[in-house]
Structures are given as structure tokens and as C-alpha cells.
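Work through the exercises below with the sequence and the model open side by side. Try each task before reading its solution.

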Amino acid sequence: MKVVGRAIPHESAREHVTGRALYTDDLWPRYPGVLHAWPVQAPHAHARILRLEVGPAYRVPGVVRVLTASDVPGLNDSGLKGDEPLFPAEVMYFGQAVSWVLAETEEAARLGAAQVAVEYEPLPAILSIQEAIRQESFQGAMLHARRGDVERALQESARVLEGELELGGQEHFYLETQASLALLDEAGHLLVHSSTQHPSETQEIVAQVLGLPRSQVTVQCIRMGGGFGGKEVQANPYAAVAALGAYLTRRPVRVRLNRLQDITLTGKRHPFYARFKVGFSQDGLVNALQMELYSDGGWSQDLSEPVLARAVCHADNAYYIPHMDVKGRVCKTHKTSQTAFRGFGGPQGMVFIEEVMDRVARSLGLPPEVVRERNFYGVRPESPTTHYGQEVKDAERIKLIWDELKASADLEPRREEIRRFNAQNPHRKRGLAITPVKFGISFNFTPYNQAGALVLVYQDGSVQVNHGGTEMGQGLHTKIQQIAAEALGVPLEAIRVMPTRTDKVPNTSATAASTGADLNGGAVRDACEKIKARLAAVAAQKLLVHPADVVFEEGWVWSLWKPEERLRFAEVVKAAYAQRVQLFADGFYRTPGLHWDKTRMWGKPFHYFAFGAAVSEVEVDGFTGQYSLRRVDILHDVGDSLSPLVDLGQVEGGFIQGLGWLTLEDLRWDARGQVATRSASTYKLPSFSELPEVFNVRLLPRSTEPGVVYGSKAVGEPPLMLAISVREALRDAVAAFGRGSMVELASPATPEAVYWAIERVREKALVSGD
């Protein structure tokens, strides 16, 4: 029986629900003498530090050390681009940590931090994308992807529309806040427990700050209580603070942000602003698109440029546009440094093109799904190649998913039902929308598309698997366990997936870009197949057959010719040990065929595309803008699923997180540059009440992806963009208040935003005499 493809629970599900699962901050009670860290946070969005007096903090009982820039033995920078000082001389956002207090208790550290005297000279602050554009406050390069002659195509188009749209950011709000614990061994080497998606980069930053070779630093991540991209690089400064404290005091140091600190110190999903001009025919074929994208990168570069690059590359979504010109800039503002978030710029680019498609459709009086379908890759006669030069392999799958979902979701009958409902209800309207997803899988930065593994087989037949990926609840370790069991032909319970450590697998890539199972699964399979080949040679001697004829399955080993004569896996392992056959192996995987010219924004940055589509139906109250999500139908392509329960959970969870971003999570800063929505009481997250009344989720069958581990596809990020269908359904309902006219809908589409969109539609209807 195959292990891969079996629907099994998450490998830590029982531990999660019983509270036995260990996280980074659960470890510190094991170490006597732990010091607790607390930040001194600046009360300005932009200011020069004139004086920093730490003496008063030492008068607080329990305070042991106050960390400042003068304590750093290496480089005072927690980033890789030289623009993220760990202890700044110039404050660049409200709440930035200017020093850290270490004390015997968390309360003593808090009281000590309150006593640190800091004198500031306030400086002008840039707090919006619009202000950054006016002042030409940018960071990184301008990105520009183009194809064809857009200016000429716009002139030749039967119709031309112009527009703009601003998208809000999103707080990660992972359940486990940023946490690190650092300690020294007897030789002065550092062990850092960190809630990080990228242990190797955390190792690099700690070594950089301390001026040590990386071999002197080991980083371990046992698991994370959520990451969503927020711990890809932003775990690094807190690991560096803990490591610096441990290095200086020779005592274990714990850094664990409370929720308020986490929200005010860490970056978010990038807010975006877009201007566009689109040319199209009378039947809705888009001929030309000119688009300018601006992201709010915050105070430092972080990952803003690659996030913008993915937005530029996903400004087409599932649509072939012959003439396309997309430019992008990262704005530098005095806010938290915005960072990776599930989708990594792709969602923003795709919302913009869906905005364009809806406006084109409504200007022509056509159903939006008709215009969308007419512009699909694989439907238009032109070669399915993107505006950055990559062929869209399996482009026909977009239409296949679309047609299947339209049928299974009863799109046309429901469209007619909604027309009747809207005609009979002047103050309540329903809306229906179907939107596609085409999301590229691979890191934008080609060197990250590699992974390693170390697999150890013991004489009793049990197996330890080490790999470079991190577990944050997404089920990566579950999939790795299934891959290893399948590759070695042993039961699931024989496989133990170990915590991620930089001394087991070095130079790892971040667990991000939806590549965790593709990369690490490929490496684990490679290592397992090396071991199995060695064991097959040993078993072949016992079974008197050729090694190619040996079968491994469910802990048994036999010959194709005599399946009744079976050996236990452990028996073969012991025989191999007796023959001095190596019972461990390293594995390696690199994504083939990638090439990318960043300066030209041209090449093949993605190994393949994940496809999907969603149909959403909403009902809106015309008096208040309140709405309910009545039904959602999803059909999503995960290739041959490695673990169907895990994949269904990822599709459902990704959709709900996208729903939160587009309809609920109104991330705001006040006039001083302080995050105004800085707690669960002021920042609305999706909950059970936001779940659709009917929620149908299916995985596309018979969708093998050749060249990926066991024919699977990535699933982490693409489902988030299925939630765009909810925004478009809300637009459809709002339009019904004004006889189907153009709708300007802010994002997030909160009830307030929906109410004002309804008012604008009603006003237009009155002016036009409808």
C-alpha cells in the first residue's frame, strides 16, 4: 500500500491539541540562570538619538546588563543589505528597539527598560505611499517587465480605461510570537533555539553580529506556532539579541515578544498602490496593459524587492495580454520594515489584474466571468507565454478547472437565482463571482532553489530524517515522513523527523515560496534511494536475485519472482551492517531548468504553475454594508497530493487568510506613525463567524506534475488568492444596487467600505437617471 497520497493526520496533531507540543519559548525553564530580555522602544517614527543613558536601569533590582551598540563585537546589523542596524543611531519607525535590557525576570527587565533615558531629536517622517512618491523616497531598483508595444496597442484599441487601486497590508498574527533562546556550551560555542523559517540565515546573522565563523553557531528550530513569512528574515534580530546577551553574560538569554511588541516591532504584508491603463476590444479581449506598482517597504529593504518582483510577475494572473508593460518601485517610509507574507507579492499583483478585468467587463456590459474566460492562457490563440518570457506549461488546465468548477458549483443556475432575488429585494443584494489562480512555484532568487537532507537508518530498522525545512504547522514534516516511508518501503511509524538544525543540514534555504515539500522532499527522497540501493544489493544476495528485482514495502523486503519469500526490513539492515555497508546518506535536490535575468525581468523564474479557481456568493445589506458569505466552491490543483488531509487544510486555511486580508484586516497607522491596530481588540481577524455557510473544497484529480517529488505540487501560498473571488462577489452585489454599474471598492472591503461603495453606485444611478 502506498504511503504517499494517504490521508493521514498532521504528525503533531495530538501534541497540538493536548498542549504537549514544544515551542521555542517552552524550553527556557530547562536552563538555570536564564536572563529575560526587554526592548527599549522609541516613541517617534523618525528621530536622531542624541543621548542614551543606561545607568538608571542598573538601579532596578534584577537588571544584569543593558545591551547597546557599543557591546556588539561584530557588525551592528541584523540584515544582509547593510541597512538594518540592531542598535540604531537614527530611529526609523515608531517603536523601534534602541537597546535591550537583560534581567533575572521579565518584570525586572520591563522595569529596567522603562528607566533607560533616551533623548531624541524628532525628524520629518514619511508615512504613506503617496507621500513617498511625491518625495521620490524609494529603495532598491526599479523593476520593469514588458512585452510588445503597449503605447501603439493602446492607441489601436477600441476602448481604453484608466484607474487606480490601493491595497492594505496585513499583520501575520501567528499564534506564537517571535522567540529565541541562546546559550553557550563549555567551549564557548553558541546554540540558538529560534522560531525561524530560515535557520541558516539566522545562523549567518548571529555570526555576523558576534564576529564569529558560522561553524561556531548552531541554530535549531523545533517547530513554529505559525510563520506565514513573518519569520523568514524577521526572526533574525531577536536571535541576534539573545545570542549577544548570552555571549556577553555567559548565561542563557531568552527573547520572547509579547503581542504588542510583536505587532509594533515586526513587518507586515506590503501595502500596494497601482495605476493602470488598459486597452481592449468590444468583445472584451484585452490587447494592452500599462501598470505602475508601488509598494510600501517601510524603513529597510528586507525582502521588499523580491516581493515586488513577484507582484510584477503575477500582474497577469491567468490572462494572456499581448502587449504588457509593468513597472514597480519600493517606497521607503518610516514604518515597520514590511516583509514576506504568504503569497509574497503575488496576491497584490493578482488583485490588480482582477480589478482591471472587472472594470473591462462592466464597461462593456458583459458578465465578468465571460471576459475573464476569453482572456485565459490556453484559450486565446496566441502562444501561452508570460510578459517575462516564461511559457505557461499546462495552460489548458486553467480552462479545465474553470469549466469543471462552473458546472459543479451550478454557476449559471445560481446566477439566474441571484438575478431574481436582487429584483425582488431593493435593500439586500447578492453577488456571485468566479476567479482563477495561476501562481508560479520557486524562489525568485534562483540559488535558494536547493535543499539537503541527512537520513540515518539504525540496526533495528528505525529511521531518523534530517532536512532543511522548518515546520510551522503547515504539515511539511508530515509530508517528509510519508516521502521517507514510501522511498524506503517502511511503515510511517518507523520514521522520525528531527528538529531542523544547522549542524545536521548546512546552508539551507528558507521554508518559504511554497517550496518546502518540493525541495526538502526531493532531497530526502534522494538520500533514501541511496540507502535503499545499498540495502537492495544486500537483500539480493539473500534472495538470490538481481538488486533491481528487490521490492521494499511496509517494512518487508521480497523478490518480484518469489513474493512469498519475505525478509523483514530490520533483518536486511542488520545484514548490511554486518557487511559494513553504509546505513546513512545525504541527499540533495536542485530545481532544474531555472534561469532569471533580474535586470531585464526575463527568463524562467518558476519551475511550474499551480492553478485553481473559486466561486463565491455573498449577500449584502444596503443600509449598513454588512455582508455574509453564503457559499464558496473551490477546485485546486496540487498535482498528485502527497498528503490529502494536509493539502485540504492548506487550501481551506489559505483561503480564509486571504479572506481576512481582503475583507476584514484593516491595518492602520496613526498620524504619528504608530501602528493603531495593535491588538486583537482593534485588528479584526477571521473567525468561525466568517466561514462560509457552505464550503466545498476539492483537489483536482489526475493532475500529476512530472519532475516533482511523487508528482505533487506546492500548496502553501496559491490558495490564498482564491479569496479574490469574495472581493469580486462583493463588487457584484454592490453593482446590483446601481443596475450593474462600475464599482469602486476599497481594500480591505470592510462593511464600511462596502457601504460607501453602495452609496457611490446609488449616486451614479441617480445622476444617470436609472
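The exercises that follow concern a predicted model.

**Exercise 1. Domains and one interface**

Task: State how the chain is divided into domains, then describe the contact of domain 1 with domain 3.

Solution.
- Step 1. Start with the bounds. Domain 1 covers 13-124 + 173-265, domain 2 covers 272-444 + 598-769, and domain 3 covers 450-590.
- Step 2. Take the separation. The C-alpha centres of domain 1 and domain 3 are 37 Å apart.
- Step 3. Count the residues in contact. Domain 1 contributes 19 residues and domain 3 contributes 16 residues.
- Step 4. Get the area. About 1,300 Å² is buried between domain 1 and domain 3, and carbon and sulfur atoms give 51% of this.
- Step 5. Check the polar side. Between domain 1 and domain 3 there are 10 residue pairs in polar contact, with both residues at pLDDT 80 or more. The rule finds zero salt bridges across this interface.
- Step 6. Assign elements. On the side of domain 1 that touches domain 3, helix H5 (199-210) and strand E11 (217-221) each supply at least two residues. E11 gives the most to that side, with five residues.

**Exercise 2. A sheet and the helix across it**

Task: Give the strand order of the open sheet that contains E17 and E24, and find which helix lies across E17.

Solution.
- Step 1. Read the order. Four strands run E19-E18-E17-E24, with mixed pairing.
- Step 2. Find the edges. Strand E19 (495-497) and strand E24 (584-590) each pair on one side only.
- Step 3. Get the twist. Neighbouring strands of this sheet are turned by 20° against each other on average, direction ignored.
- Step 4. Inspect one pair. Strand E17 (residues 450-457) pairs with E24 in the antiparallel sense over seven bridges. Within E24, Gly587 is the bridge partner of Ala453.
- Step 5. Add the helix. Helix H14 (residues 516-543) lies across E17, strand E18 (463-467) and E24. H14 runs at about 140° to E24.

**Exercise 3. A second four-stranded sheet**

Task: Describe the open sheet that contains E16, and name the helices that lie across E27 and E28.

Solution.
- Step 1. The order is E16-E27-E28-E29, with mixed pairing.
- Step 2. Strand E16 (428-441) and strand E29 (694-699) have a single partner strand each, so one side of each lacks a neighbour in the sheet.
- Step 3. On average, neighbouring strands here are turned by 15° against each other, direction ignored.
- Step 4. Strand E28 (residues 627-636) and E29 run parallel, joined by six bridges. His636 is opposite Leu699 in E29.
- Step 5. Helix H12 (residues 411-424) lies across E16, strand E27 (608-621) and E28, at about 145° to E16.
- Step 6. Helix H16 (residues 644-663) lies across E27, E28 and E29, at about 130° to E29.

**Exercise 4. Strand partners and a salt bridge**

Task: Find the partners of E2, then explain which parts the Arg256 and Asp25 pair ties together.

Solution.
- Step 1. Strand E2 (residues 47-53) pairs with strand E4 (residues 90-91) in the antiparallel sense over two bridges. Arg48 has Glu90 of E4 as its bridge partner.
- Step 2. E2 also runs antiparallel to strand E6 (residues 117-122), joined by six bridges. Glu53 has Ala117 of E6 as its bridge partner.
- Step 3. The structure holds 61 salt bridges. In one of them, Arg256 meets Asp25 at 3.7 Å, N to O. The cut-off is 4 Å, so the pair qualifies.
- Step 4. Arg256 lies in strand E12 (residues 253-256), and Asp25 lies in the loop between helix H1 (13-18) and strand E1 (35-41), so the pair ties together parts 231 residues apart in sequence.

Note on methods:
Residues numbered from 1 in each chain as written. Predicted model: local features only at pLDDT ≥ 70, side-chain atom pairs only at ≥ 80, totals over all residues. Heavy atoms only, no water. Pairing = 2+ DSSP bridges. Axes fitted to C-alpha atoms, helices over the stretch in contact; angles between N-to-C directions. Contact = heavy atoms within 4.5 Å. Domains from an automatic or database assignment. Buried area = accessible area lost by both parts, 1.4 Å probe. Salt bridge = Lys/Arg side-chain N within 4 Å of Asp/Glu carboxyl O. Polar contact = N/O pair within 3.5 Å; in protein donor to acceptor, adjacent residues only side chain to side chain.
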